[in-house]
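Subject: Structure handover

Hello,

Here is the structure I promised to pass on to you. Have a look at it first, and then read on for what turned up in it.

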Amino acid sequence: MNYFPDEVLEPVFDFITSHKDRNSVSLVCKSWFKIERYSRQRVFIGNCYSTCPERLIARFPGLKSLTLKGKPHFADFNLVPHDWGGFLYPWIEALAKSRIGLEELRLKRMVVSDESLELLSKSFVNFKSLVLVSCEGFTTDGLAAIAANCRFLRELDLQENEVDDHRGHWLSCFPESCTSLVSLNFACLKGEINLGALERLVARSPNLKSLRLNRAVPFDTLEKLLMQAPQLLDLGTGSYVPDPSSEAYNRLKSAIQRCKSIRSLSGFLEVNPRCMSAIYPICANLTFLNLSYAPGLSGNELTKLIQHCRKLQRLWILDYIGDKGLGVVASTCKELQELRVFPTDPLGAGNAAVTEEGLVLISAGCPKLNSLLYFCQQMTNAALITVAKNCPNFICFRLCILDPIKPDPVTNRPLDEGFGAIVESCEGLKRLSLSGLLSDQVFLYIGMYAKQLEMLSIAFAGDSDEGMLYVLNGCKKLRKLEIRDSPFGNAALLEDVGKYETMRSLWMSSCEVTLGGCKTLAEKMPSLSVEIINESQQMEFSLDDRTVDKMYLYRTLVGHRKDAPEFVWIL
Amino acid sequence: MSPENGKILPENDAADLNFEATELTLGLPGKSRVTSDGGAKLGNKRGFFETVDLNFGDKDCGQSQIDVQEAANSPVSKVQVEGWPPVRGFRKNAMTSCKYVKVAVDGAPYLRKVDLEMYDSYQQLLSSLEQMFSCFTIRNYLNEKKIIDHMNGIEYVPTYEDKDGDWMLVGDVPWQMFVESCKRLRLKKSSEAIGLAPRTPPKCASTTERSLN
């Protein structure tokens with residue numbers, strides 16, 4: 001099989017960068033497996049409990065970049081207790097003891113302690129990049145350790161983390177010799193920061209391309225920072241409440257004119273809407289605009305701003321834009337690929353300001369649309385059918401009707417036909433989230449048409465086990481399935497137990513599966529870890545007939561995890 | 001949705017084939033059917049409102065038929081279901097820690113928004129409104145709060161819409177209570193605000209201090 005010596009194959013493999021392709025290459029033969037593993041630098045582990053640090057280190061000695069994901073997706077919505085798991089420390093501990101020269105760490109939904117950050121900062125001389133998304137468990141003390149000890153740090157990117165802010169001077173911990181920063185994002189921090197230290201840091205970082213500030217950074221500082229960093233590609237303002245008659249505001253206006261490279265804009269966590277016009281000069285070149293944390297704007301101001309953004313590819317906004325506003329987006333943003341409309345009132349059961357009309361307008365005006373997250377008041381089958389026709393290129397389609405079992409308000413029928421049209425038309429669909437009144441029929445369509453589907457989220461949907469079976473049988477590429485409050489039980493769960501080995505994970509909460517059913521599954525499939533999350537602790541382990549509140553199962557190479565808390569039973 | 005009898009007949013039942021599938025019931029949307037073990041259940045789906053009911057009642061892992069029927073008959077209420085809508089906790093906290101309300105001024109073409117959480121008192125709020133609509137100034141009579149446009153001599157009275165949908169005069173209730181119940185603000189021209197802001201003579205010191213808050 002091997003016509004070339006290893007030294008020839010290695011540089012060839014360097015061209016193969018996607019994880020999937022690398023994984024395929026490693027399966028060809030023993031020799032390719034060996035060459036691939038020595039040359040692999042980037043590893044992605046979608047479920048941290050599917051393997052262990054020791055196996056990672058043994059197989060990939062050349063590891064430089066590691067991506068780890070911890071808690072299941074529904075943890076985002078408070079369905080998983082905080083101390084369920086996903087701890088970073090064991091990974092850092094093991095990597096630190098090894099010879100691995102870690103340079104980049106990307107984490108999602110992990111529990112990250114200050115101790116692990118400190119150990120990380122001291123163990124890897126060439127550490128360059130830390131990206132934390134939806135993580136928790138650390139304080140600004142941990143950030144101080146990273147700042148102080150990582151001498152070649154290029155990227156510190158904190159997205160939507162729950163950080164205990166000790167208001168320490170973590171920013172001042174970047175030494176004067178640190179001039180390597182390319183990306184700094186601390187928008188999610190709630191506390192005050194040392195403004196002087198921030199200004200000096202930006203002034204000595206000539207390579208800084210991405211800067212996202214938190215709410216505590218006032219307008220005056222923003223203006224100074226922009227003067228220092230006209231080379232920015234990505235800007236997230238903190239507070240944007242200028243005094244329109246001030247000198248600082250005038251200076252900002254000219255500073256903005258010099259920032260010709262900004263392509264991505266976010267922030268406006270506090271905003272004086274009358275001063276948004278200062279931003280217009282950079283709108284023409286924007287490809288990403290995120291105003292989803294700017295409730296202080298009104299629909300009018302938002303729409304006026306967007307009218308200047310003709311090159312927009314990705315847009316994240318709040319629903320106060322309204323259907324009319326979406327019409328303006330549709331006629332302005334012809335390059336739009338991704339749209340996310342979040343609810344202004346996330347406590348829900350409220351009144352979202354967008355309906356199916358806005359979505360139809362978008363679909364008609366933006367044929368390149370391939371990714372959608374849309375929180376809305378209502379949806380109709382007719383609208384979804386139109387959207388499916390207008391936009392056959394959806395890769396990701398997530399619809400959230402605020403009332404989760406709301407039927408089509410015009411016909412009073414379930415939304416089966418509408419979603420059916422989406423999956424039939426969008427042959428490349430990889431991710432789908434359903435809502436609204438839905439019967440088993442929608443799952444028949446999904447099983448029939450959604451051949452590329454990898455992730456499916458179901459809530460309050462379906463009538464019987466048939467629904468879940470259509471999906472399990474039809475969606476050959478399914479990797480993640482998460483279901484809540486739907487009438488699927490043991491019959492569906494147990495019909496094809498081998499299927500779960502082809503998937504990353506299955507989540508079922510408030511469904512009809514019983515403890516006995518889960519036990520049976522665990523018995524038949526030792527390669528799976530079947531977890532029961534039993535918060536109320538009213539469940540007796542012996543009562544097999546009881547329905548299970550929350551079940552999470554995943555394939556694993558390393559058996560049952562040892563760090564599960566008391567309320568988690570691993571069957 | 002009618003809460004009383006828990007069942008709704010769709011108006012266009014011409015297509016009757018899947019009638020049962022689409023029949024809407026409060027607690028248990030979806031058809032009632034015979035389960036695989038042959039026992040008939042009253043619809044074995046745990047519906048949205050049933051889940052709502054569960055949040056208040058005892059957590060009973062086994063769903064009895066009676067529970068289910070009761071859930072079906074319970075009135076519709078806008079209650080929070082755990083984890084719905086599916087918005088990340090971080091975003092939920094970020095958005096609810098501010099309380100933006102719209103501010104309308106009679107005669108102005110555009111509305112503004114203020115974050116009530118940013119103020120500690122009526123005084124601060126009114127000062128901020130004064131700055132926002134900068135041609136007006138606030139004159140604080142003892143227990144009247146008015147905004148006066150010196151240029152035109154028009155008086156504005158700050159009013160707000162509360163949770164019940166009623167329009168109230170700003171300043172009567174304690175500040176925190178106001179923040180919680182205020183949905184939107186409106187500066188009404190004095191002539192239109194008759195009935196809300198009577199021209200009462202200044203009260204004695206003790207009562208005015210209380211209402212100035």
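The buried residues of helix H18 in chain A pack against two helices and three strands of that chain: H17 (440–449), H19 (490–494), S20 (455–459), S21 (480–484) and S22 (505–509). Please keep in mind that this is a predicted model. H18 spans residues 465–474 of chain A, and seven of its 10 residues are buried, so the rest of the structure largely encloses this helix. The buried ones are A:Asp465, A:Gly467, A:Met468, A:Leu469, A:Val471, A:Leu472 and A:Gly474.

A:Val471 leads us to the next topic, since A:Ile446 is in contact with A:Val471. Leaving aside neighbours within four places in sequence, the other contacts of A:Ile446 are A:Val423, A:Leu432, A:Leu434, A:Leu453, A:Leu456 and A:Cys475. The largest nonpolar core has 201 residues, and A:Ile446 is among the four that touch the most other members, together with A:Leu66, A:Tyr240 and A:Phe397. There is also a second, separate core of 21 residues, including B:Tyr119, B:Tyr122, B:Leu129 and B:Tyr156.

Now for the charged pairs. Over all chains, the structure holds 27 salt bridges. Here are a few to find on your screen.

Start with A:Glu118 and A:Lys122, whose side chains meet in a salt bridge at 2.9 Å, N to O. Both residues belong to helix H6 (residues 114–123) of chain A, where they are four residues apart, about one turn of the helix. In general, an α-helix has 3.6 residues a turn, so residues three or four places apart point the same way. A:Glu118 is partly exposed because its relative accessible area is 37%, while A:Lys122 counts as exposed at 55% relative accessibility.

Next, look at A:Arg215, whose side chain meets that of A:Glu270 in a salt bridge of 3.0 Å, N to O. This pair links distant parts of the chain, 55 residues apart: A:Glu270 is in strand S13 (residues 270–271) of chain A, and A:Arg215 is in the loop between strand S9 (210–212) and helix H9 (219–228) of chain A. With a relative accessibility of 16%, A:Glu270 counts as buried, whereas A:Arg215, at 30%, counts as partly exposed.

Which residue of chain B meets A:Arg215 in a salt bridge? It is B:Asp115, and the pair is 3.8 Å from N to O. B:Asp115 lies in strand S4 (residues 112–115) of chain B and A:Arg215 in the loop between S9 and H9 of chain A, so this salt bridge joins two chains. B:Asp115 is buried, at a relative accessible area of 4%. Elsewhere, salt bridges that share partners join A:Asp76, A:Arg109, A:Glu160 and B:Arg88 into one network.

Finally, the start of chain A. A:Tyr3, A:Phe4, A:Val8 and A:Val12 form a nonpolar patch on the surface, and together they have about 450 Å² of accessible area. A:Tyr3 sits in the segment before helix H1 (6–14) of chain A and counts as exposed, with a relative accessibility of 72%. An unreviewed UniProt entry carries the annotation "domain: F-box" for residues 4–45 of chain A. Over residues 4–45, the chain is 64% helix and 10% strand, with the end C-alpha atoms 31 Å apart.

Enjoy exploring!

Best wishes

How values were computed
Residues are numbered from 1 along each chain as its sequence is written. Chains are lettered from A and ligands numbered from 1 in the order in which they are written. This is a predicted model: local features need pLDDT of at least 70, side-chain atom pairs count only at pLDDT 80 or more; totals for chains, interfaces and linings use all residues. Side-chain values use heavy atoms; hydrogens and water are left out. Patches are made of residues with over 30% relative accessible area and no salt bridge: like charges are joined within 9 Å, nonpolar side chains (Val, Leu, Ile, Met, Phe, Trp, Tyr) within 5 Å. Accessible areas come from the Shrake-Rupley method with a 1.4 Å probe; for residues, only the protein chains shown count as cover. A salt bridge is a side-chain nitrogen of Lys or Arg within 4 Å of a carboxyl oxygen of Asp or Glu. Buried means under 20% relative accessible area, exposed over 50%, partly exposed in between (1.4 Å probe, protein chains only). UniProt positions are given in the numbering used here, feature names are shortened, and annotations may be inferred rather than shown by experiment. A nonpolar core is a set of buried Ala, Val, Leu, Ile, Met, Phe, Trp, Tyr and Cys residues joined through side-chain atoms within 4.5 Å. Contact means heavy atoms within 4.5 Å.
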